[in-house]
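Let's take a walk through this structure together, one stop at a time. Keep the sequence and the 3D view open beside you as you read.

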Amino acid sequence: MELKEEGARTGDGPAAEVPPLRRIVVESETVPIRVGDYAGPPDPEYGKEPWQLAAGLDGEPTWIEERMRTEGLSIAYGDKRAVKDVSIEVNSGEVLALIGPSGCGKTTLLRSLNRLVELTPAAKRTGRIILDDQDVDSFDVTHLRSRVGMLFQQPNPFPMSIFDNVAYGLRERGSKKPRRRQLEPIVVDALERAGLWDEVSSNLNHPALALSGGQQQRLCIARSLAVSPEVLLLDEPCSALDPISTGIIEETIVELRSEVAIVIVTHNLQQAARIADRVAFMYLGDMVESGPAGQVFGAPREARTQEYVGGGFG
Amino acid sequence: MEAATLTEAPARATLGRDRTDRRVELLLGALASTILLLIAGMILFVLIKALPSFTHNGLAWFGAGGSVDDQLMNIFNSPADPADYVYKLRAWPLLYATALITGVAVFVSVVFSVLSGIFIVEFAPDRLRRVIEPVVKLLAAVPSVIYGLIGILVVVPWVADHLISEDRKASVAYVIQLDGTSILVGIFILTIMICPIMIAIIVDALRSVPEKWVEGAAALGVNRWRAMRTVSLRAIRPAIVAALVLATARALGEAIMLSMVAGSVGFAPNPLDGITFLFEPARPLASTIVDNSEGLSVVPFGQTMYAFAAILLISSAFLSFAGWAARKSFSRYTLGAR
Ligand SMILES: Nc1ncnc2c1ncn2[C@@H]1O[C@H](COP(=O)(O)OP(=O)(O)OP(=O)(O)O)[C@@H](O)[C@H]1O
Ligand SMILES: [Mg+2]
């Protein structure tokens, strides 16, 4: 295993204006950690060090680089505290899965990362959210949301054509509307990355709502990708889908994680084990434990985690 | 709700079509056909009755020329012998008044109603909303005579006293009398009359726009106002068209109120008169029919009134069709998923 430090990002794209960060490239055939594979003791340092090595699930080494983190984040709806003092980081190059029983605050935590929770009048936030070393409160909320994309539990394509859906974010962000000719390559690229291009390439002008649920969800992924986010938040994106569509979306997610930091909320522990590099377990608003997927599932430190994941794999 | 029902709908349609279902279907079908037949019969009847007025005048019927009120008087005073019936009519001032008053009122109403709809749904504080909504629905049900009464007793005198100067009255005194009854008041009250129904429809439609679309737009970094315009308003275009058709139909057919406040003179206000234009009187087709209802027994006069009715009927038929086509094209991407 050979470690190299690099001072600049090799990839291009919109994230290039981000200040260069120190990072480590892993060049080796990394062994995917799977549930049960993790043999060593719980790693107390995990999550403390700025950079970790990736254990690519698809065998591909990836960059690990911090994109976002929360510091003592709490959210309350009126008197009810839904998220309590959560500190966690979101890295590009890996998939972070949020798991936990219903009502433990996963959606609330996710929605606070792009400040969508502010659409709920009763919600109050304390604590800091940092995106690329900047407090998210310091920039315009629309800017934040174009850098931190989100996918919802129910696919929610707009009542427009497939093309217009993907182009929507690009068209409506600035004051000047780009032409279709300029948009086309971006739309095609986004659809390709979302794994939908082959199915819709011949009918980009068809209504998006006529697509199947799984296709709609992938269209929503494409719609988010078109504005080139650095972080993608997925709130139970497969819970309304059949196993085949779920499989396709999982593949898409694993492929995307080398470009975008991904946070996925899921109730499906098998799914978390399949696609997540890191898992965070929440319980009644507390972040009980977070660590490599293999550790959280294979050798959880906390009894509550043990109890929860034990049920899922028993 | 959304996509799922789209694919499930056909399955549900083929479910248990038992005999009661068939019978209900037949009954409803028969009722619908009867109504359609009645409407077709009515249109045919009106057209046949109206025919003499159109054939005697040809295309000139729609043109301008002379005083339409004098022409109507001549028709009313036709000799008793059918061979000597007078039909000559140049209906332009009435057509023009109808189009002008309806068009302006509907245009102003659409803009105002969409904006108030957005305000009520998006921005109004809860307490205000709880008052506004029932009031709007109540206003939509107020009979037009009441608007006419308020118009003639309050608005018309106020306009005559405060907005029209003596000089202005004198400047046109040789053609027309400016007494406050005017297209301005007519359009104003008509707008107030048709807004509530439009607002009610638009508010309901905006409310039914799924929250997830708005959230989806917000999550892409699109600001609230822009998301409103590009997602919500776009999605409710069919409802806006429906509101527009309804309001236009009501405006076209509004007779009593307009005949009370718009002057009831067969005069074509001239925009070249500048501000004075607004204070000039006019009388649309529907008011003309109502104002002259006592003369219907005079055969050529009655036929002339039928001609007016035919124009109104054809306009509303055309309106419904255009509305249907517009709704269809606007719903292309919505697929009924709201
Ligand atoms: N808009 C709201 N107003 C008030 N309380 C809310 C609101 N949304 C969520 N809550 C409360 O906050 C807590 C956390 O909710 P949240 O939706 O984040 O849970 P979750 O982990 O996503 O659950 P699930 O797995 O069922 O989606 C719950 O107790 C819920 O009752
Ligand atoms: Mg949730």
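Which residues in helix 9 of chain B meet residues in helix 10 of chain B? On the helix 9 side, look for W213(B), V214(B) and A217(B). Their partners in helix 10 are A227(B), V231(B), S232(B) and A235(B). Before going further, please bear in mind that this is a predicted model.

Let's stay with this pair for a moment. Helix 9 of chain B covers residues 211-219 and helix 10 of chain B covers residues 224-235. Their axes come within 10 Å and cross at roughly 155°. An angle over 145 degrees counts as roughly antiparallel, so helix 9 of chain B is roughly antiparallel to helix 10 of chain B. Helix 9 of chain B passes helix 10 of chain B in a right-handed crossing. As for the character of the residues in this contact, six are nonpolar, one is polar and none is charged.

Now zoom out to see where these helices sit. Chain B has 14 helices and zero strands, and reading along its sequence gives the pattern α-α-α-α-α-α-α-α-α-α-α-α-α-α. Taken along the principal axes, the C-alpha atoms of chain B fill a box of roughly 70 × 55 × 30 Å.

A second pair in chain B is worth a visit: helix 8 (residues 183-207) and helix 11 (residues 237-253), whose axes come within 9 Å and cross at roughly 160°. That angle makes helix 8 of chain B roughly antiparallel to helix 11 of chain B. The crossing of helix 8 of chain B and helix 11 of chain B is right-handed. Helix 8 of chain B brings residues including L190(B), M193(B), I197(B) and I201(B) to the contact, and among those that helix 11 of chain B contributes are A243(B), L244(B), A247(B) and R250(B). The residues of this contact divide into 15 nonpolar, no polar and one charged.

For a third pair, find helix 2 (residues 19-57) and helix 14 (residues 299-330) of chain B, which pack at an angle of about 130° with their axes 7 Å apart. Helix 2 of chain B and helix 14 of chain B are therefore oblique to each other. Here helix 2 of chain B passes helix 14 of chain B in a left-handed crossing. From helix 2 of chain B, the contact includes M42(B), F45(B), K49(B), P52(B) and F54(B); from helix 14 of chain B, it includes Q303(B), Y306(B), A310(B) and I314(B). The residues in this contact are 15 nonpolar, three polar and one charged.

Next, move over to chain A and its ligand. Which of the 13 residues around ligand 1 come nearest? They are K80(A), S102(A), T107(A), T108(A) and H267(A). Two of these threonines also supply side-chain atoms for polar contacts: an oxygen atom of ligand 1 is 2.5 Å from an N or O atom in the side chain of T107(A), and an oxygen atom of ligand 1 is 2.5 Å from an N or O atom in the side chain of T108(A). The backbone takes part as well, with a polar backbone atom of G105(A) lying 3.0 Å from an oxygen atom of ligand 1.

Finally, two loops of chain A deserve a look for their backbone angles. D133(A) lies in the loop between strand 6 (123-131) and strand 7 (134-135) of chain A, and its phi is near 65°, a positive value in a residue other than glycine. E236(A) lies in the loop between strand 9 (231-235) and helix 7 (243-256) of chain A. Phi of E236(A) is near 45°, again a positive value in a residue other than glycine.

Terms used. Residues are numbered from 1 along each chain as its sequence is written. Chains are lettered from A and ligands numbered from 1 in the order in which they are written. This is a predicted model: local features need pLDDT of at least 70, side-chain atom pairs count only at pLDDT 80 or more; totals for chains, interfaces and linings use all residues. Side-chain values use heavy atoms; hydrogens and water are left out. Axes are lines fitted to C-alpha atoms, for helices over the stretch in contact, and angles run from 0 to 180 degrees between N-to-C directions. Helices (H or I, at least four residues) and strands (E, at least two) are DSSP runs, numbered from the N terminus. Angles under 35 degrees count as roughly parallel, over 145 as roughly antiparallel, 65 to 115 as roughly perpendicular and the rest as oblique. A crossing is left-handed if the near helix is turned anticlockwise from the far one by less than a right angle, and right-handed if clockwise. Contact means heavy atoms within 4.5 Å. Ala, Val, Leu, Ile, Met, Phe, Trp, Tyr, Cys and Pro count as nonpolar, Asp, Glu, Lys and Arg as charged, and the others, Gly among them, as polar. A residue is near a molecule or strand if one of its heavy atoms lies within 4 Å of it. A polar contact is a pair of N or O atoms within 3.5 Å; within protein, one must be able to donate a hydrogen and the other to accept it, and residues adjacent in sequence count only if both atoms are side-chain atoms.
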